[in-house]
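Student: Could you take me through one part of this structure up close? I'd like to look at the aromatic rings and how they pair up.

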Protein chains: 4
Amino acid sequence: MAIPRSAYPAPFNTTRASHIVWTVKDLARSRAYYVDCFGFAVSGEDKSTLYLRGMEEACHHSIVLKQSSDHPACERVGLRVYTEEDLEKAKHVFERAGLPAKWVEVPHQGRTLHVSDAVGTPLEFCATQPVMPRLVVEFKAHHGASPLRLDHFQILTPEVPKACQFYCDLGFRLSEFIAPDGTDDLMFVFLQRKGNPHDIVFANGSGPRLHHAAFSVPDAQHILQACDIASAHGFGETLESGPGRHGPGHAMFTYWRDPDGHRFELFNTHYQMMDIENEPVRWNASQLRRRPWGFPPQRSWYEEASNFSGVKSNDPVQKPNPMSLERFLVEREKA
Amino acid sequence: MAIPRSAYPAPFNTTRASHIVWTVKDLARSRAYYVDCFGFAVSGEDKSTLYLRGMEEACHHSIVLKQSSDHPACERVGLRVYTEEDLEKAKHVFERAGLPAKWVEVPHQGRTLHVSDAVGTPLEFCATQPVMPRLVVEFKAHHGASPLRLDHFQILTPEVPKACQFYCDLGFRLSEFIAPDGTDDLMFVFLQRKGNPHDIVFANGSGPRLHHAAFSVPDAQHILQACDIASAHGFGETLESGPGRHGPGHAMFTYWRDPDGHRFELFNTHYQMMDIENEPVRWNASQLRRRPWGFPPQRSWYEEASNFSGVKSNDPVQKPNPMSLERFLVEREKA
Amino acid sequence: MAIPRSAYPAPFNTTRASHIVWTVKDLARSRAYYVDCFGFAVSGEDKSTLYLRGMEEACHHSIVLKQSSDHPACERVGLRVYTEEDLEKAKHVFERAGLPAKWVEVPHQGRTLHVSDAVGTPLEFCATQPVMPRLVVEFKAHHGASPLRLDHFQILTPEVPKACQFYCDLGFRLSEFIAPDGTDDLMFVFLQRKGNPHDIVFANGSGPRLHHAAFSVPDAQHILQACDIASAHGFGETLESGPGRHGPGHAMFTYWRDPDGHRFELFNTHYQMMDIENEPVRWNASQLRRRPWGFPPQRSWYEEASNFSGVKSNDPVQKPNPMSLERFLVEREKA
Amino acid sequence: MAIPRSAYPAPFNTTRASHIVWTVKDLARSRAYYVDCFGFAVSGEDKSTLYLRGMEEACHHSIVLKQSSDHPACERVGLRVYTEEDLEKAKHVFERAGLPAKWVEVPHQGRTLHVSDAVGTPLEFCATQPVMPRLVVEFKAHHGASPLRLDHFQILTPEVPKACQFYCDLGFRLSEFIAPDGTDDLMFVFLQRKGNPHDIVFANGSGPRLHHAAFSVPDAQHILQACDIASAHGFGETLESGPGRHGPGHAMFTYWRDPDGHRFELFNTHYQMMDIENEPVRWNASQLRRRPWGFPPQRSWYEEASNFSGVKSNDPVQKPNPMSLERFLVEREKA
């Protein structure tokens with residue numbers, strides 16, 4: 001299979017990963033976790049919803065938490081387009097591709113389009129949100145990890161190549177990918193619009209499920225500070241993996257599980273990637289057997305993920321697939 | 001005067017500040033400064049030219065140093081467009097505006113277009129450069145300040161509003177600006193294409209002259225590390241200003257003067273700015289009288305800049321202009 | 001004049017710089033400054049007194065602030081001895097030297113001895129304080145600069161050599177000193193008991209006056225964080241000097257002036273110095289003309305200091321003394 | 001069993017942990033590891049020996065590596081006393097205790113005393129070493145982890161209480177200890193002379209064996225930098241545990257295994273501990289089941305250690321001892 005090329009110009013202008021919508025069992029407990037401990041700012045809240053943003057964000061929200069008595073899930077992954085006109089174009093593009101798209105009213109967002117991508121991930125596109133004060137140098141408001149902004153999502157799907165083709169057709173660029181040695185079977189694809197390596201990442205696994213949303217922190221030392229402050233709040237054991245250094249993407253990372261099991265990453269920043277001559281960086285699966293440093297994640301990191309509300313998750317298509325990412329990685333863990 | 005609006009879509013796709021071309025008296029001395037002390041990587045060199053890049057950059061060069069017996073100057077400011085087709089479009093746009101544009105051959109760059117902007121700044125547009133290894137996690141190659149990448153340029157001109165209009169017409173967004181209290185007379189404009197606050201900045205002063213090129217470093221502590229390592233190499237006195245914290249843009253900064261007097265900034269990263277609802281942030285001149293912390297720069301910072309080769313510098317149009325930035329800032333310095 | 005030798009064994013066991021007692025005009029204002037902004041912990045307070053400690057300190061206080069309508073002053077500099085027996089020995093040593101010493105009751109301290117040193121600095125010795133919880137990893141209690149602990153004092157006196165001899169006779173070790181080129185006339189002496197370079201420092205100037213008390217912070221980046229947080233609290237202009245790097249002692253520093261004009265230093269840690277073969281490090285005055293990096297302090301840093309309550313300050317003995325530290329440094333400032 | 005009290009005054013003045021002597025199979029390989037990768041400075045070397053020091057150390061060596069074809073081992077643990085007279089006193093003290101002590105000539109050390117402690121650890125006392133340049137601000141010499149100085153040793157022994165009593169009799173202070181809940185059976189003791197929590201640590205296990213020597217680094221971020229640079233040199237897999245945060249002692253840590261299997265710790269600094277009122281801090285074994293954050297070490301950390309040359313290692317006295325540290329910790333690891 002060939003590595004897909006990005007459409008240029010894009011059929012509509014997606015600018016960046018925008019926000020995540022999670023359901024939670026206990027909003028007060030989530031507030032204690034995200035706000036009191038990790039330091040997200042509250043942009044708004046009512047009895048059943050909490051809107052959060054990072055220190056650097058002037059948008060209204062990058063995290064939406066909704067109280068629900070159902071099993072905790074991810075409702076939608078939010079993406080930004082630049083203009084209202086891009087939204088209109090998006091609707092046409094999806095409908096032409098046989099993907100139903102509908103206009104919805106969403107609080108604290110401009111006109112919003114609901115659609116699912118080619119592998120079933122429920123998406124939400126909008127062009128605007130209300131403007132909030134940027135807190136990037138409001139240091140009295142900084143505490144916890146000083147999370148700066150949402151950077152990207154990672155989705156599990158048994159159909160990574162299909163997802164990759166879909167987003168490349170929308171003008172996303174493939175920045176890095178993992179494939180088994182000697183083949184181009186895409187196991188892990190890192191796709192971007194905003195000029196750094198990731199906006200949305202797809203990895204091989206039962207899905208669609210949300211593996212994690214990732215937030216940047218200012219400096220490498222905030223990775224450690226996050227661990228310390230989480231421990232001080234009694235959340236030290238919600239650290240699921242790290243600190244460590246990624247191969248693909250190169251960032252320093254930690255992974256956390258919130259009180260409802262939703263996973264998020266705190267990491268320091270990526271490199272800039274916006275020149276046309278930058279070909280996707282290939283990682284052979286065998287290269288991953290040796291990480292730069294640090295220890296393999298716990299099994300839960302490979303196996304657990306948030307379901308999307310009302311979306312059935314499928315197992316990897318060809319099973320037993322000896323190169324499925326999870327199998328491969330669990331074996332690495334044992335080695 | 002009204003604050004200009006950005007053209008959308010842009011007449012051609014400029015992606016980012018790309019590179020700077022400086023002439024220097026002694027290439028070996030410059031190499032000791034930029035490479036041995038501050039830690040830029042050498043992408044190529046011959047008897048008369050040195051090509052440098054930061055740790056994060058996969059492009060061939062963000063600094064070009066050319067040996068010359070003339071007074072040290074800046075030859076050109078380099079900007080990237082996305083495709084060769086954008087270059088063609090650019091040529092038409094400039095010619096229609098009465099600005100002569102010509103194709104030139106430049107080593108280690110794709111097809112290159114030479115033109116001057118509306119206030120006389122000599123520009124160089126290209127779509128590609130040869131790809132070099134990204135050193136962002138090649139830690140054996142990191143030393144000095146671990147400079148990551150070129151971020152932006154600052155140009156002095158007596159015609160800030162004209163420059164602002166020109167770049168907004170090219171699709172640049174005005175992220176922040178400084179104006180005297182109660183007026184919209186633009187004294188300082190921060191313009192961007194790549195989604196953070198600056199690619200090119202214009203400030204009121206005799207010009208066109210290059211005030212500085214700015215390079216990002218990984219973490220706040222690298223600002224201090226740069227000072228220490230510069231001192232260890234005998235270059236402690238080339239620190240011209242800082243460490244300090246900017247008002248507009250919010251970054252932590254230091255300013256340096258290289259052995260030829262060219263100024264560069266080392267700073268930590270900016271915020272992301274890519275949503276349509278983000279209006280330009282206004283700073284009243286009076287707000288600048290009180291900086292977050294730190295001390296006013298030396299007079300040289302306000303007065304000295306690199307000439308552009310073969311370009312006559314003009315004084316601010318209305319003089320005595322009691323609100324000229326330099327005057328204003330020198331007065332602040334005295335206060 | 002010869003450089004004095006330290007008495008070994010010491011006539012009594014002084015262990016470290018202990019605490020500082022300052023009078024202030026408005027205790028609430030001081031609390032906002034030291035506690036809310038800079039992050040000192042409150043160990044105790046009543047209507048007229050505030051007891052503070054750093055994050056690392058298990059002692060009751062390293063700063064005592066007393067409300068007073070008099071001109072703000074330093075009441076005493078506190079030193080620790082190891083045992084009650086050392087206190088007894090101290091009393092005898094001072095009395096034999098003709099320096100009156102008396103037992104006093106001081107809240108939140110064990111038995112306390114009041115005495116003045118050979119150059120008139122009012123001292124307070126104690127062996128114990130009540131034990132308080134160490135907050136070094138109580139990260140919920142950390143904010144502002146995360147000050148760790150008191151490290152040293154600096155006193156101005158016209159009689160530096162006399163002060164040096166006095167403390168060496170008490171078993172203090174001279175770690176570093178500054179003298180004019182070609183002579184051993186001590187202008188600046190750094191004296192220690194605790195195994196890093198400073199517990200008490202004497203510098204040439206009108207005195208005795210307290211130049212500053214110094215507190216350590218965890219990492220170099222906290223130097224910058226202190227600046228940012230002070231600015232966020234509206235105290236950015238209380239930064240008097242720095243960030244910069246010291247010659248003698250080698251630390252990275254900032255100097256601050258509290259609302260009553262008392263000066264304190266926030267710096268990162270020193271080197272260990274506890275081997276007998278380590279001779280005092282000499283700095284020629286001429287070496288100081290070139291600091292590692294950074295800019296000369298404002299004049300106030302050279303000229304202003306806190307008086308000791310009820311102690312007359314004397315000018316340098318030989319005046320005009322062309323090598324007086326202040327003169328010398330002001331000249332350096334001009335150069 | 002009662003917690004022992006420290007002798008005061010000490011029978012002789014031990015000042016600090018001084019140096020470690022390790023035998024290695026391949027000196028060139030060790031040099032590549034400690035010098036080229038981790039950044040220790042070379043104070044001297046000949047065909048069979050390499051003398052290393054940290055950036056902060058003015059002493060000649062804190063690590064001595066000796067080429068040997070035998071199985072890699074630790075020859076001796078070095079301690080400093082203040083004066084030659086303290087050495088003489090030490091000899092008498094050991095001989096009175098029935099521990100043979102003999103004078104030996106050791107290169108690059110003053111007169112040296114060889115003795116074994118009460119649990120068989122081979123020690124080496126000296127009062128002086130040649131003075132070397134302190135590199136603490138010689139930033140051109142800094143690379144790798146910028147290791148500052150030796151801080152402490154950890155020894156495994158089945159006789160922790162006996163070791164604790166022995167060192168307390170020498171004037172060491174017990175700063176922290178671990179005991180099973182409800183008893184005072186010492187499983188882990190942290191003993192110090194220099195005023196921070198550790199100079200020598202004893203933990204329950206087969207011994208005497210050297211578990212590790214610990215070196216401080218300047219800032220928390222150097223913990224991460226060490227991981228990155230080790231990976232860049234191909235030594236990423238020599239990271240055995242961490243980054244993590246200690247319970248007792250509170251430092252942030254990593255543990256490494258050198259090419260001969262010797263273990264060392266890189267950690268950031270401890271708190272100051274030099275007041276008489278500071279009682280030993282007790283940690284119940286059960287408290288350790290929950291570390292602040294991070295993951296249990298690999299089994300090797302609990303089980304492997306360097307033998308002392310020519311010293312037979314004994315198993316824990318009472319076996320099966322259900323509270324043996326190793327058993328306890330392995331069980332924690334499983335939990």
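Tutor: Sure, let's start in chain D, where D:Tyr33 and D:Phe38 are both buried. Keep in mind that this is a predicted model. To describe a pair of aromatic rings, you give the distance of the centres and the angle of the planes. For D:Tyr33 and D:Phe38, the ring centres are 4.9 Å apart and the planes sit at 55°, so this pair counts as tilted. Edge-to-face would need an angle over 60 degrees.

Now zoom out for a second: searching the whole structure turns up 92 aromatic pairs over all chains. One of them joins A:Phe38 and A:Trp256, with centres 5.0 Å apart and planes at 75°, so that one is edge-to-face. Where do these two sit? A:Phe38 is in the loop between helix 1 (27-37) and strand 2 (41-45) of chain A, while A:Trp256 belongs to strand 15 (residues 252-257) of chain A, so the pair ties together parts 218 residues apart in sequence. Both A:Phe38 and A:Trp256 are buried.

That pair has company, too. Ring pairs connect A:Phe38 and A:Trp256 into a cluster whose members include A:Trp22, A:Tyr33, A:Tyr34 and A:Phe264.

Rings can also have a charge sitting over them. In chain A, the charged end of A:Arg111 is over the ring of A:Trp103, 3.7 Å from the ring's centre. Over in chain C, the charged end of C:Arg111 sits over the ring of C:Trp103, again 3.7 Å from its centre.

Terms used: Residues are numbered from 1 along each chain as its sequence is written. Chains are lettered from A and ligands numbered from 1 in the order in which they are written. This is a predicted model: local features need pLDDT of at least 70, side-chain atom pairs count only at pLDDT 80 or more; totals for chains, interfaces and linings use all residues. Side-chain values use heavy atoms; hydrogens and water are left out. Rings of Phe, Tyr and Trp (its six-membered ring) pair if their centres lie within 6.5 Å; planes under 30 degrees apart count as stacked, over 60 as edge-to-face and the rest as tilted. Helices (H or I, at least four residues) and strands (E, at least two) are DSSP runs, numbered from the N terminus. Buried means under 20% relative accessible area, exposed over 50%, partly exposed in between (1.4 Å probe, protein chains only). A charge sits over a ring if NZ of Lys or CZ of Arg is within 6 Å of the ring centre and within 35 degrees of the ring normal.
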